[in-house]
Amino acid sequence: MSKTLDSLLYMQGGKCFFCNQVLQHVDASIEHLLAKSKGGNNARDNLVACCRTLNALFADMSLKEKMQVILNQKGTFCCPAKPNNLVELSINKPYTEVDYLAYITTNLQKRGIAKPASLVALMNVIKAILPAHLPKTAAEYYLQRLAEEEKIRLFQGRVTYLFD
Ligand SMILES: [Zn+2]
């Protein structure tokens with residue numbers, strides 16, 4: 001798949017398909033316009049390279065839902081915020097659980113109505129924005145904490161947000 005990502009990036013002039021920002025290989029991922037879970041295939045016509053954060057947000061959304069997210073941005077499309085300097089600093093400064101929880105909440109808040117609606121999509125977003133050095137179970141842990149702090153409610157794989 002990495003060869004495909006390379007050539008997609010090359011064809012897109014090294015930029016994200018959606019937000020047109022210069023995209024480093026490490027921040028890029030292959031987005032299936034029609035999700036694989038919706039019958040989308042690996043044909044060229046169905047693939048674009050885009051910011052990893054957006055790919056995580058799109059997850060298994062339908063094309064209609066994705067178009068809604070795009071149209072809601074009214075012209076200038078911004079992919080969800082990349083991990084900010086919290087991540088760059090995190091090696092030198094020990095961030096606490098409370099910091100990470102606030103970081104995740106703020107990131108979700110910034111998404112407005114485009115917050116991930118399914119449990120799987122939310123988990124992917126949390127995984128994408130948490131620094132890579134945290135243990136693999138961190139995403140599940142913080143998901144649980146969000147529920148405990150009544151910031152979200154989980155029901156049958158869907159997420160309800162108790163903040164805007
Ligand atoms: Zn982008």
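Visitor: Hi! Which domains does the assignment give for the protein chain?
Guide: Welcome! The domain assignment splits the protein chain into domain 1 (1-74) and domain 2 (86-164). Keep in mind that this is a predicted model.

Visitor: What separates the centres of domain 1 and domain 2?
Guide: Taken over C-alpha atoms, the two centres are 22 Å apart. The contact uses eight residues from domain 1 and 10 residues from domain 2.

Visitor: And which helices supply the domain 1 side?
Guide: Both α2 and α3 (63-72) supply at least two residues each there. α2 gives the most to that side, with four residues.

Visitor: What kinds of residues are on that side of domain 1?
Guide: Four are nonpolar, two are polar and two are charged.

Visitor: New topic: how many residues are in the largest nonpolar core?
Guide: It has 33 residues, and those with the most contacts inside it include Cys16, Ala49, Leu57 and Val125. Helix α6 (119-129) is among the elements that give two or more residues to this core, and α6 gives the most, with six residues. At least three residues come from each of domain 1 and domain 2.

Visitor: You mentioned Leu57. What does Leu57 touch?
Guide: Leaving out residues up to four places away in sequence, Leu57 touches Pro80, Ala114, Pro116, Ala121 and Val125.

Visitor: Now the strands. How do β3 and β4 run?
Guide: Strands β3 (residues 152-155) and β4 (residues 158-161) run antiparallel, joined by four bridges. One of the pairings puts Ile152 with Tyr161 in β4.

Visitor: Which residue takes a positive phi in that hairpin?
Guide: That's Gln156, with a phi near 50 degrees; the hairpin has two residues between its strands.

Notes
Residues are numbered from 1 along each chain as its sequence is written. This is a predicted model: local features need pLDDT of at least 70, side-chain atom pairs count only at pLDDT 80 or more; totals for chains, interfaces and linings use all residues. Two strands pair if DSSP finds at least two bridges between them. A nonpolar core is a set of buried Ala, Val, Leu, Ile, Met, Phe, Trp, Tyr and Cys residues joined through C-beta atoms within 7 Å. A residue is buried if 20 or more other C-beta atoms lie within 10 Å of its own, exposed if 12 or fewer, and partly exposed in between; C-beta atoms are placed from the backbone. Domain bounds come from an automatic or database domain assignment. Two residues are in contact if their C-beta atoms, placed from the backbone, lie within 7 Å. Ala, Val, Leu, Ile, Met, Phe, Trp, Tyr, Cys and Pro count as nonpolar, Asp, Glu, Lys and Arg as charged, and the others, Gly among them, as polar.
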